[in-house]
Amino acid sequence: MAEGYRGVLGGWEEVRVKADEYRALDDERVLVLVHRTGRGRASGLGTIGSTAATLFQARDGKVIKLVLYWNRDRALADLGLEG
């Protein structure tokens, strides 16, 4: 997973991820709504921003599942939640 994520991030520089909101969904799952910014490394594109989400599922103090959503609205829809 780390290798794949590095591949995605490799095209960007000055990448920042800021948590906007944490939502406890149940005893094991937490949804984190985030805002990402960065600048295209090769293209020199100006700073871009996007809203996304990360779903963590933890058990016994360890993350057992991690789902990265590139689109926040998709995450909310998949989980039956409202923005």
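**Close-up views of a predicted model**

**View 1. T54 is a buried residue.** Its relative accessibility is 12%, so T54 counts as buried, because buried means under 20% relative accessible area. The model shown here is predicted. T54 sits in strand β3, which covers residues 47–59. Its contacts fall into two runs of residue numbers. One run is V30, L31 and V32. The other is L66, V67 and L68. Residues up to four places away in sequence are not counted among these contacts.

**View 2. L25 lies in a loop between two strands.** The loop joins β1 (12–24) and β2 (29–40) in sequence. Is L25 buried, exposed or partly exposed? With a relative accessible area of 24%, L25 is partly exposed. Which residues does L25 contact, once neighbours within four places in sequence are left aside? They are L31, L55, L79 and L81. For a sense of distance, look at A2. A2 and L25 are 23 residues apart along the chain. Their C-alpha atoms are separated by 25 Å.

**View 3. Y22, V30, F56 and V63 form a nonpolar surface patch.** Together these residues have about 380 Å² of accessible area. V30 belongs to strand β2. Its relative accessibility is 32%, so V30 counts as partly exposed. V30 also appears in the first view, as one of the residues that T54 touches.

**View 4. L31 is a contact of both T54 and L25.** T54 touches L31. L25 is in contact with L31 as well. T54 is buried at 12% relative accessibility, whereas L25 is partly exposed at 24%.

Notes: Residues are numbered from 1 along each chain as its sequence is written. This is a predicted model: local features need pLDDT of at least 70, side-chain atom pairs count only at pLDDT 80 or more; totals for chains, interfaces and linings use all residues. Side-chain values use heavy atoms; hydrogens and water are left out. Helices (H or I, at least four residues) and strands (E, at least two) are DSSP runs, numbered from the N terminus. Buried means under 20% relative accessible area, exposed over 50%, partly exposed in between (1.4 Å probe, protein chains only). Contact means heavy atoms within 4.5 Å. Patches are made of residues with over 30% relative accessible area and no salt bridge: like charges are joined within 9 Å, nonpolar side chains (Val, Leu, Ile, Met, Phe, Trp, Tyr) within 5 Å. Accessible areas come from the Shrake-Rupley method with a 1.4 Å probe; for residues, only the protein chains shown count as cover. A salt bridge is a side-chain nitrogen of Lys or Arg within 4 Å of a carboxyl oxygen of Asp or Glu.
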